[in-house]
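Got the viewer open? Here is a route through the fold, one selection at a time.

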Amino acid sequence: MSDLDKVDYDVLNVVALKKMASAPTIAIDTGVDAADVTAALARLSAQGLVVVVGDAALPTDEAEPALAAAASEYYADLRGDPEVGELVEKFETVNSQFLTTMSSWQQIDVGGRKVANDHTDSEYDDKVISRIEKLVARLGPLLAGLAGHDGRFAAYPRRFAATIETIDAGQHDFVSSPTKDSVHNIWFELHEDLLRTLGRERTE
């Protein structure tokens, strides 16, 4: 049996995905009560799986092996679900399209050369944002299937929806900012979470 109970797994999982996270952020991403998050961080610290510095928790080198061992136990049924397996195969195609679209956000083609997008062409940026939103929408069946096994996956649609609403309100830094809950960061965390949950290795 895993040394991590499910609350501790969920909390440590978010810390590992974000590399550094505060208790309020972990509470939002897991749906776990803030006081329970704080208690979980204390247990994880005592086990040497996180280091708490100020209001931030960071994973230690022992965090990933502990998560992998716990995931193999908690998600054995999910790993054997053929419907989820089919949806995950489709995700790989969507993920490839997402990476190409993010490259289009960061770089534009000028005379056959790729240069940094200075975001002065609002029509171009709006088209890229539209493609990003359509790709996020295509994650719906997969996220619903995963949430059917574990409710914590329901946090991803909420986060995507809140971020897209912010982008549509004009804050385009929420497309790819590394310091915000951007579409790029949420997508990256989902992909890493998916790989850990299913016990798979990254292919790209």
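Start by selecting helix α1, residues 6-18: this helix lies across β1, β2 and β3, and runs at about 80° to β3. Keep in mind along the way that you're looking at a predicted model.

Now colour the strands under that helix separately. There are three of them in an open sheet, ordered β1-β3-β2, with antiparallel pairing. The edges are β1 (21-22) and β2 (50-53), each of which pairs on one side only. For a closer look at one of the pairings, pick β1 along with β3, residues 56-59: two bridges hold this antiparallel pair. If you want a specific spot to click, take A21, whose bridge partner in β3 is A57.

Back to α1, this time with α3 (34-46) switched on as well. Which way do the two helices cross? Their axes come within 9 Å and the crossing angle is roughly 85°. That makes α1 roughly perpendicular to α3, because angles from 65 to 115 degrees fall in that class. Show side chains for V7, D8, V11, L12 and V15 on the α1 side, then V37, A40, L41, R43 and L44 on the α3 side, and you have the residues that meet. Sorted by class, this contact has eight nonpolar residues, no polar ones and two charged ones.

Stay on α3 and centre on L44, which is part of that helix. Is L44 buried or exposed? L44 has 0% relative accessibility, so it counts as buried. Leaving aside residues up to four places away in sequence, L44 touches L4, D8, V11, L12, L49 and V50. Try a distance label too: from the C-alpha of L44 to that of A63 is 9.1 Å, with the two residues 19 apart along the chain.

Next stop is α2, residues 23-30. Select A23, I26, A27, D29 and T30, which are buried in this helix. What covers them? The cover includes α1, β1, α3, α9 and α10 (183-198), so turn those elements on around α2. Just past the helix comes G31, and if you check its backbone you'll find a positive phi, near 80°.

Now move along the chain to another helix pair: α7 (residues 122-137) and α9 (residues 155-168). Their axes come within 12 Å and cross at roughly 165°. The two helices are therefore roughly antiparallel to each other, and α7 passes α9 in a left-handed crossing. To light up the contact, choose I129, E133 and V136 from α7, then F160, I164, I167 and D168 from α9. By class, five of the residues in this contact are nonpolar, none are polar and two are charged.

Finish on a hairpin. Select β4, residues 107-110, and β5, residues 113-116: the two strands run antiparallel and are joined by four bridges. One pair to click is V110 with its bridge partner in β5, R113. Two residues sit between the strands, and G111 in the turn has a positive phi of about 60°.

Methods. Residues are numbered from 1 along each chain as its sequence is written. This is a predicted model: local features need pLDDT of at least 70, side-chain atom pairs count only at pLDDT 80 or more; totals for chains, interfaces and linings use all residues. Side-chain values use heavy atoms; hydrogens and water are left out. Two strands pair if DSSP finds at least two bridges between them. Contact means heavy atoms within 4.5 Å. Axes are lines fitted to C-alpha atoms, for helices over the stretch in contact, and angles run from 0 to 180 degrees between N-to-C directions. Angles under 35 degrees count as roughly parallel, over 145 as roughly antiparallel, 65 to 115 as roughly perpendicular and the rest as oblique. A crossing is left-handed if the near helix is turned anticlockwise from the far one by less than a right angle, and right-handed if clockwise. Ala, Val, Leu, Ile, Met, Phe, Trp, Tyr, Cys and Pro count as nonpolar, Asp, Glu, Lys and Arg as charged, and the others, Gly among them, as polar. Buried means under 20% relative accessible area, exposed over 50%, partly exposed in between (1.4 Å probe, protein chains only).
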